[in-house]
Amino acid sequence: METLKLLRDYFPMAVFTGGCLVFISEDWRVELTEHKNKDFSKTDAEPSIIRVKISKRTLDGDVVTGHYHEDFQLESLGELAEQIEKYVQLAVGANLRESGS
């Protein structure tokens with residue numbers, strides 16, 4: 001959860017639930033979760049995997065899951081945040097840092 005806590009500072013419109021970072025708008029729900037690599041044979045600690053799930057909201061307000069899904073694993077926190085932001089912007093057409101979507 002350490003990387004998610006750091007990303008929370010980069011994305012001020014996100015809500016940290018203790019388990020994930022969530023961005024919600026009228027049309028979209030974006031969820032970031034952190035996963036550790038469980039391969040104990042590797043001696044070097046690899047950066048966490050940040051999984052980004054983007055779900056579309058229906059006219060009724062329900063969430064259609066699995067619209068977009070991608071894993072990010074970059075060492076630099078700044079580059080990780082930039083690439084996640086770019087991915088989400090291209091998928092939903094909105095800026096996470098400004099609109100909260």
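**Before the close-ups.** Helices and strands in these legends are DSSP runs, counted from the N terminus, with at least four residues for a helix and at least two for a strand. With that in hand, Ser48 can be placed in the loop between E3 and E4. Please keep in mind that the model shown in every view is predicted.

**View 1. The whole chain, with its 3 helices and 5 strands.** Let us start with the overall picture. Read from the N terminus, the elements follow the order α-β-β-β-β-β-α-α. The chain has 101 residues, and 32% of them count as buried. Its accessible surface comes to about 6300 Å², with carbon and sulfur atoms accounting for 48% of that area. Taking the contacts between residues at least 6 apart in sequence, 45% join residues at least 24 apart.

**View 2. The largest nonpolar core, made up of 19 residues.** Look for Leu7, Leu32, Val52, Ile54 and Ile84, which touch the most other members of this core. At least two core residues come from each of helix H1 (2-10), strand E2 (21-24), strand E3 (28-35), strand E4 (49-57) and helix H2 (77-92). The greatest contribution is that of H2, with 6 residues. Which residues does Ile84 touch, not counting residues up to four places away in sequence? They are Leu7, Phe11, Leu32, Ile50, Val52 and Phe72.

**View 3. The packing of helices H1 and H2.** The axes of these two helices lie 11 Å apart, at an angle of about 65 degrees. Angles of 65 to 115 degrees count as roughly perpendicular, so H1 is described as roughly perpendicular to H2. The crossing of H1 past H2 is right-handed. On the H1 side, the residues to pick out are Thr3, Leu6, Leu7 and Tyr10. They meet Leu77, Leu80, Ala81, Glu82, Ile84 and Glu85 on the H2 side.

**View 4. Ser48, in the loop between E3 and E4.** Is this loop residue, Ser48, buried or exposed? Buried means under 20% relative accessible area, so Ser48, at 6%, counts as buried. Setting aside residues up to four places away in sequence, Ser48 touches Thr3, Glu34, His35, Lys36, Phe72 and Gln73. For a distance to check on screen, the C-alpha atoms of Ser48 and Thr33 are 9.8 Å apart, and the two residues are 15 apart in sequence.

**View 5. Glu31, a buried residue in strand E3.** The relative accessible area of Glu31 is 18%. Its contacts, not counting residues up to four places away in sequence, are with Cys20, Leu21, Val22, Arg51, Val52 and Lys53. One of these partners, Val52, is also among the residues that touch the most other members of the largest nonpolar core. A handy pair to select here is Glu31 and Ser55: they are 24 residues apart along the chain, with 8.4 Å between their C-alpha atoms.

**View 6. Gln83, in helix H2.** Gln83 is partly exposed, with a relative accessible area of 33%. Beyond its neighbours within four places in sequence, Gln83 is in contact with Phe72 and Leu74. Phe72 is 11 residues from Gln83 in sequence, and their C-alpha atoms are 8.2 Å apart. You have met Phe72 in earlier views too, as a contact of Ile84 and of Ser48.

**View 7. Ser76, in the loop between strand E5 (63-72) and H2.** The relative accessibility of Ser76 is 36%, and it counts as partly exposed. To locate the last pair, select Ser76 and Pro47, which are 29 residues apart along the chain. Their C-alpha atoms are separated by 8.9 Å.

Notes
Residues are numbered from 1 along each chain as its sequence is written. This is a predicted model: local features need pLDDT of at least 70, side-chain atom pairs count only at pLDDT 80 or more; totals for chains, interfaces and linings use all residues. Side-chain values use heavy atoms; hydrogens and water are left out. A nonpolar core is a set of buried Ala, Val, Leu, Ile, Met, Phe, Trp, Tyr and Cys residues joined through side-chain atoms within 4.5 Å. Buried means under 20% relative accessible area, exposed over 50%, partly exposed in between (1.4 Å probe, protein chains only). Contact means heavy atoms within 4.5 Å. Accessible areas come from the Shrake-Rupley method with a 1.4 Å probe; for residues, only the protein chains shown count as cover. Axes are lines fitted to C-alpha atoms, for helices over the stretch in contact, and angles run from 0 to 180 degrees between N-to-C directions. Angles under 35 degrees count as roughly parallel, over 145 as roughly antiparallel, 65 to 115 as roughly perpendicular and the rest as oblique. A crossing is left-handed if the near helix is turned anticlockwise from the far one by less than a right angle, and right-handed if clockwise.
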